[in-house]
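Here is a set of exercises to work through with the model open beside you. Try each task before reading its solution.

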Amino acid sequence: MCYNGKKASMMPPETAFRPPLLSDAESVARCTQNTLQSDLSFANIYLLREKYGTEIMFHVEHLLRYFGGSARLQGYAFPAGCGTTETIETCLNFIENHAKTQQNELKFCLLSEKEADFLCRRYGKRAQVTTDAGDADYLYLRDDLAFLAGTKFHKKRTHISKFEREHPSWSFEPLTPANAGEAMKVAEQWLIAQGESPALRHEFKAIGTALEHMEQLKLSGGLLRVEDKAVAFSVVSIINPLVADIHYEKCLPEYRDAYPLINRETARMLTTQYINREEDLNIEGLRKAKLSYHPHTILKKFNLTVKPC
């Protein structure tokens with residue numbers, strides 16, 4: 001069941017996977033009321049569609065996803081929705097038939113522990129499960145990030161105090177289509193400082209798409225200024241009333257100390273119980289940074305391959 005205790009309204013049935021469209025936002029939202037995972041944010045589904053070869057469809061009130069690109073995600077995701085065990089079984093039967101028709105190996109990715117257990121019971125000894133720590137989501141309590149209370153956040157408060165002393169004129173404002181162009185200029189300088197790579201170039205392109213289509217993707221965020229100069233920004237979406245997803249946080253190279261401040265101010269503008277800061281992709285520096293904010297939970301994700309009969 002969904003958090004609001006109501007089942008999703010019926011959606012027109014689909015019979016084939018297709019690329020996600022901006023117009024899918026509302027339909028996806030109806031299927032993601034019981035998730036904490038960042039990969040089910042509509043913004044991520046849309047912005048990463050080319051990177052992962054993402055295709056979607058809606059089947060018996062569930063969102064189905066297929067990842068057919070050459071990146072690390074391969075195969076099908078577990079049906080997402082507010083249906084019953086019966087409708088989930090119907091979706092899985094559809095996925096099995098699709099894999100057989102397309103001559104795809106029956107593989108699942110981005111599974112929660114509960115979903116992996118469900119599939120293990122369904123497929124028995126045919127199920128082979130693996131996990132990759134780089135896929136796990138970092139889930140935080142919103143109040144922890146908004147107030148940074150207690151000794152465990154002492155260093156974060158110290159960094160923020162130092163920034164505020166050095167830049168007493170700083171200000172924070174909501175990110176909107178009106179100031180998105182300033183955020184894009186920050187992203188351009190961030191990319192130059194990081195150096196060119198296919199992965200960074202893709203991320204930069206996705207940021208551009210996000211800022212261009214904020215309203216259609218239902219994105220918000222914040223812009224941090226020093227005097228009148230934009231020095232950092234964040235991009236956020238609300239997956240459901242329980243959890244927000246931080247998609248991007250970028251600072252100008254010369255204002256790297258602004259990261260704890262943009263992080264705190266973004267958390268303060270949110271009203272969800274949890275904030276998902278996504279995965280670390282096995283990047284050591286990124287993992288260290290995410291752990292330094294003391295996550296409430298690390299949401300492991302699993303891959304599962306079904307051996308042929």
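**Exercise 1. Work out whether Ile 262 is buried or exposed, and what surrounds it.**

Solution. Start with the accessibility: in this predicted model, Ile 262 has a relative accessible area of 0%. Buried means under 20%, so Ile 262 counts as buried. Next, place the residue: Ile 262 belongs to helix α10, which spans residues 259-269. Now list the neighbours, skipping residues up to four places away in sequence: Ile 262 touches Phe 172, Gly 222, Leu 224, Ala 232, Phe 233, Ser 234 and Glu 249. Finally, check a distance: Gly 221 sits 41 residues away along the chain from Ile 262, and their C-alpha atoms are separated by 9.7 Å.

**Exercise 2. Do the same for Phe 204: find its element, its burial and its contacts.**

Solution. Phe 204 is in helix α9, residues 198-212. Its relative accessibility is 14%, and with the buried class set at under 20%, Phe 204 counts as buried. Setting aside neighbours within four places in sequence, Phe 204 is in contact with Met 184, Ala 187, Glu 188 and Leu 191. For a distance check, take Asn 240: Phe 204 and Asn 240 are 36 residues apart in sequence, and their C-alpha atoms are 26 Å apart in space.

**Exercise 3. Trace the salt bridge between Asp 39 and Arg 65, then find the network it belongs to.**

Solution. First the geometry: the side chains of Asp 39 and Arg 65 meet at 2.9 Å, N to O. Then the location: Asp 39 lies in the loop between α1 (25-31) and α2 (42-47), while Arg 65 is in strand β2 (residues 62-67), so the bridge ties together parts that are 26 residues apart in sequence. Now look at burial: Asp 39 has 11% relative accessibility and counts as buried. Arg 65 is buried too, with a relative accessible area of 3%. Last, widen the view: Asp 39 and Arg 65 are linked with Asp 137 and Lys 301 in a network of salt bridges.

**Exercise 4. Which parts of the chain do the pairs Arg 72 with Asp 135 and Glu 254 with Lys 229 tie together?**

Solution. Take the Arg 72 pair to begin with. The closest N and O atoms of Arg 72 and Asp 135 are 2.1 Å apart. Arg 72 is in the loop between β2 and β3 (75-76) and Asp 135 in the loop between β6 (127-131) and β7 (137-141), so this salt bridge ties together parts that are 63 residues apart in sequence. The partners fall in separate burial classes: Arg 72 is partly exposed at 40% relative accessibility, whereas Asp 135 is buried at 9%.

Move on to Glu 254 and Lys 229, whose closest N and O atoms are 3.5 Å apart. Glu 254 lies in the loop between β11 (243-251) and α10, and Lys 229 in strand β10 (residues 229-240), so parts that are 25 residues apart in sequence are tied together. Glu 254 is exposed, with a relative accessible area of 52%, and Lys 229 is partly exposed at 39%.

**Exercise 5. Look at the backbone of Val 60 and Glu 61: what sign does phi have in each?**

Solution. Val 60 has phi near 40 degrees, a positive value in a residue other than glycine. Glu 61 also has a positive phi, near 70 degrees. Both sit in a loop: Val 60 lies between β1 (54-59) and β2, and Glu 61 is found between β1 and β2 as well. On accessibility, Val 60 counts as partly exposed at 36%, while Glu 61 counts as buried at 19%.

**Exercise 6. Zoom out and describe the whole protein.**

Solution. Begin with secondary structure: there are 11 helices and 14 strands. For overall form, a compact globule of 309 residues would have a radius of gyration near 19 Å, and the protein's 20 Å agrees with that. The C-alpha atoms fill a box of roughly 65 × 40 × 40 Å along the principal axes. Then consider packing: 52% of the 309 residues count as buried, and residues 24 or more positions apart account for 71% of the contacts with a separation of 6 or more. The exposed surface is about 14900 Å², with carbon and sulfur atoms supplying 53%. Finish with charge: there are 39 positive and 39 negative side chains, the centres of the two sets lie 4 Å apart, and the salt bridge count comes to 24.

Methods: Residues are numbered from 1 along each chain as its sequence is written. This is a predicted model: local features need pLDDT of at least 70, side-chain atom pairs count only at pLDDT 80 or more; totals for chains, interfaces and linings use all residues. Side-chain values use heavy atoms; hydrogens and water are left out. Helices (H or I, at least four residues) and strands (E, at least two) are DSSP runs, numbered from the N terminus. The radius of gyration is taken over C-alpha atoms; the globule rule is 2.2 Å times the number of residues to the power 0.38. Buried means under 20% relative accessible area, exposed over 50%, partly exposed in between (1.4 Å probe, protein chains only). Contact means heavy atoms within 4.5 Å. Accessible areas come from the Shrake-Rupley method with a 1.4 Å probe; for residues, only the protein chains shown count as cover. Lys and Arg count as positive and Asp and Glu as negative; His and the chain ends are not counted. The place of a charge is taken as NZ of Lys, CZ of Arg, CG of Asp or CD of Glu. A salt bridge is a side-chain nitrogen of Lys or Arg within 4 Å of a carboxyl oxygen of Asp or Glu.
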